[in-house]
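Welcome, and please open the model in your viewer. We will go from stop to stop, with a word each time on what to select next.

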Amino acid sequence: MPAEKLQFQAETKRLLDLVVNSIYTNKEIFLRELISNASDALDKLRIEALTNTALADDSEPEIFVVPDAATKTVTISDNGIGMNRDEVIANIGTIAKSGTKDFLDKLREASNASSAQELIGQFGVGFYSAFIVAEKVELITRRAGETSAVKWTSDGAGEYELEDCDKDSHGTTIILHLKAEFTGDDDEYNFTDAYELERLVKKYSDFVRYPVKMNFEVKGTGDEPPTIEIRTVNSMKPLWTRNKSDISRDEYNEFFKQQLHEWEPPQEIFHVKAEGTVEYTALLCIPAHAAQNLYYSDYEAGLQLYSRHVFIMDKCKDFLPDWLRFMKGLVDSPDLPLNISREILQQSVEVKVIGKALEKNILKQLGKLLKDERERYETFWREFGKSLKIGVYGSMFDTKAKDALKDLLMFQTSRDGKLYTLAEYVERMPESQKQIYVAAGANSSAIERLPQMELLRERGLEVIYLTDPVDEFAIEALHEYADKHFQSITREDFELDDAESQKVKAEVDEIAKTQGDLLKDVKDALGDAVAEVRLTSRLKSGAVCLATGANSPSLTMEKTFAAMNNPLFKATQILELNPNHAVFAKLESLHAADKDSPDFKNLYKTLYSVALLTEGVMPKDPVELANTVTELLTK
Ligand code: ADP
Ligand code: MG
């Protein structure tokens with residue numbers, strides 16, 4: 001095939017522009033990226049060769065890094081899987097990474113340089129990092145098992161060129177033609193210097209599992225000419241096999257950056273070695289941030305799997321339950337065979353044993369964090385609390401799992417803006433309070449404005465705010481905590497237990513006996529919109545509110561589901577009127593005068609609309625409401 005010029009995909013081009021214009025402050029990372037790709041390619045070859053014996057050859061896997069001051073280049077080569085022409089186009093000309101577009105959009109919106117920098121830090125640009133230091137990149141590659149090779153060339157400015165070429169063996173060679181500032185013309189960097197590159201390999205790629213080799217010039221003794229010595233620069237000892245006490249936090253961070261593309265230091269790190277029925281080492285982390293698509297189906301969860309330090313596969317979902325999908329890391333176990341398939345993995349007893357142990361360990365460490373380092377736990381909670389609540393909901397029928405999670409939950413309450421555990425809430429409950437009060441709403445200020453909150457506030461009773469749609473599901477699944485039931489303050493069966501409230505309630509019940517007709521007439525007029533119209537003792541200065549039926553979802557939940565085009569969750573609405581409010585007296589007198597009068601009708605209709613609006617629900621006919629209100633105002 002003749003040489004052809006191809007365009008980068010639009011997104012790739014945008015990303016390249018960013019890289020070339022060098023917003024990366026850390027210029028050194030290109031080497032780590034390219035070595036990590038070489039290492040991935042060696043992994044892929046080894047795994048393919050397990051099932052395709054034609055690919056097996058006697059060449060030892062290795063990565064070579066060769067600086068050359070004369071040509072101002074650095075060459076990185078591997079004898080891994082390589083790529084054919086189509087693969088080069090697919091892998092190098094386009095960005096397959098999910099979230100790239102999101103990333104670029106966010107970047108464009110980033111208000112200033114430092115927020116842009118922060119975003120970039122969260123996103124690795126992989127192969128394209130070559131253009132941080134190179135003005136031109138050549139990639140020569142040959143797919144294992146194939147005979148033809150292809151050469152890819154680009155200056156990173158929108159186009160690349162592809163042409164057939166010769167290559168003796170499979171693998172990939174990348175030649176970076178360095179920009180002048182990286183060749184020693186400036187004092188800061190000289191990537192043509194073998195010792196400088198050696199330092200970078202040691203710093204960023206020490207635990208790459210394949211030898212990273214370099215040539216070093218050894219001065220001859222006396223008149224002898226210098227000779228070239230090949231040395232393996234990296235120690236190749238996987239970090240997780242080392243002693244915990246000998247590993248610094250920086251080393252862990254670097255490891256997660258390189259191995260798992262965690263661009264920011266993880267929040268928490270779990271390094272576990274076990275030698276029980278199943279022997280394994282696990283190195284896991286809670287990332288700094290939740291992935292944007294963490295709760296979407298395109299998120300690929302799972303741990304890396306190794307056997308005797310040899311990589312077997314990525315994204316194994318069988319170790320941890322789905323709600324721990326945010327965990328990243330790896331498991332290395334000699335009890336798992338090298339050529340295990342995903343299907344066998346699912347059945348594997350060893351995997352189950354390891355998974356259970358890890359889950360337990362994670363829960364235990366989270367509990368400890370909550371107890372000993374509240375602030376750090378809250379940071380974790382803000383980022384991943386949703387996952388734990390999903391976990392509670394998902395273990396609806398698994399009491400043991402729920403028990404393990406319930407003490408890790410946190411909520412905002414009416415007390416102050418802080419987060420509290422259920423235990424802390426219960427601890428503060430006055431003796432007379434028998435239930436745990438909860439209220440759902442879009443956010444805390446929406447809940448604070450609910451008319452039902454007034455009395456509770458006055459009595460000094462604390463309410464747990466459920467502001468995330470999953471909160472209600474989690475609470476529903478828990479059912480109770482410390483033998484106390486959860487009670488929504490907007491549900492019809494809610495009543496306050498104290499003597500004062502009980503007294504008011506008795507009074508209201510008395511009034512209700514005399515208002516049967518009025519309540520019935522309003523209910524009939526509103527029709528199916530409400531299930532019931534009744535008097536309430538739970539309001540103070542408010543005139544009306546909406547309660548939901550005892551087994552009904554809340555209005556917030558109805559809204560959430562409606563937004564997802566799922567109309568199945570319909571709340572049963574109960575319109576509640578405050579008999580001690582002036583507007584009720586007016587309603588009563590209009591009703592007594594003429595229950596068919598437009599004035600009576602306008603009033604109860606408006607009251608119902610007001611009740612809806614307070615709950616953040618738009619009345620069915622806003623124009624009618626507007627007209628009626630205007631009319632009432634002019635009276
Ligand atoms: P990532 O490594 O996260 O997939 P990169 O941008 O680093 O992203 O690499 C893009 C893709 O290019 C890789 O997934 C791989 O398919 C291919 N690739 C890059 N370098 C090599 C290499 N040395 N050998 C074979 N394939 C490679
Ligand atoms: Mg990569």
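A polar contact here is a pair of N or O atoms within 3.5 Å; within protein, one atom must be able to donate a hydrogen and the other to accept it, and residues adjacent in sequence count only if both atoms are side-chain atoms. This is a predicted model, where local features need pLDDT of at least 70 and side-chain atom pairs count only at pLDDT 80 or more, while totals for chains, interfaces and linings use all residues. Residues are numbered from 1 along each chain as its sequence is written, chains are lettered from A and ligands numbered from 1 in the order in which they are written, and side-chain values use heavy atoms, with hydrogens and water left out.

**Stop 1: the ligand**

Select ligand 1 and asparagine 37: a polar side-chain atom of asparagine 37 sits 2.8 Å from an oxygen atom of the ligand. Add phenylalanine 127, which places a backbone N or O atom 2.9 Å from an oxygen atom of ligand 1. Then show threonine 172, where a polar side-chain atom is 3.2 Å from a nitrogen atom of ligand 1. On its own, ligand 1 has 530 Å² of accessible area, and the protein covers 82% of that (Shrake-Rupley method, 1.4 Å probe; for residues, only the protein chains shown count as cover).

Now widen the selection to the shell, meaning residues with a heavy atom within 4 Å of the ligand. Which element gives the most residues to the shell around ligand 1? Helix 2 does, with three. Helices and strands are DSSP runs numbered from the N terminus, helices being H or I with at least four residues and strands E with at least two.

**Stop 2: the aromatic cluster**

Keep phenylalanine 127 on screen and add Phe8, Tyr128, Phe131, Trp152 and Tyr160; with Phe127 they form one aromatic cluster. Rings of Phe, Tyr and Trp (its six-membered ring) pair if their centres lie within 6.5 Å; planes under 30 degrees apart count as stacked, over 60 as edge-to-face and the rest as tilted. The structure holds 22 aromatic pairs. In one of them, phenylalanine 127 and tryptophan 152 have ring centres 5.4 Å apart and planes at 80°, so this pair is edge-to-face. Phenylalanine 127 lies in the loop between helix 5 (113-121) and helix 6 (130-133), and tryptophan 152 in strand 5 (residues 149-154), so the pair ties together parts that are 25 residues apart in sequence. Tryptophan 152 and tyrosine 160 are stacked, because their ring centres are 5.8 Å apart and their planes at 25°.

Are these rings buried or exposed? Tryptophan 152 is buried at 0% relative accessible area, tyrosine 160 is buried at 3%, and phenylalanine 127 is buried at 8%. Buried means under 20%, exposed over 50%, and partly exposed in between, with a 1.4 Å probe and protein chains only.

**Stop 3: two loop residues**

Most residues other than glycine have a negative phi. Select arginine 308, which is not a glycine yet has a positive phi of about 45°. Arginine 308 is in the loop between strand 12 (303-307) and strand 13 (310-316) and is exposed, at 58%. Next, pick aspartate 483, with a positive phi near 65°. Its loop runs between strand 19 (480-481) and strand 20 (484-488), and aspartate 483 is exposed at 67%.

**Stop 4: threonine 514**

Finish in helix 17 (residues 499-514), the place of threonine 514. The side chain of threonine 514 reaches the backbone oxygen of isoleucine 511 at 2.6 Å.
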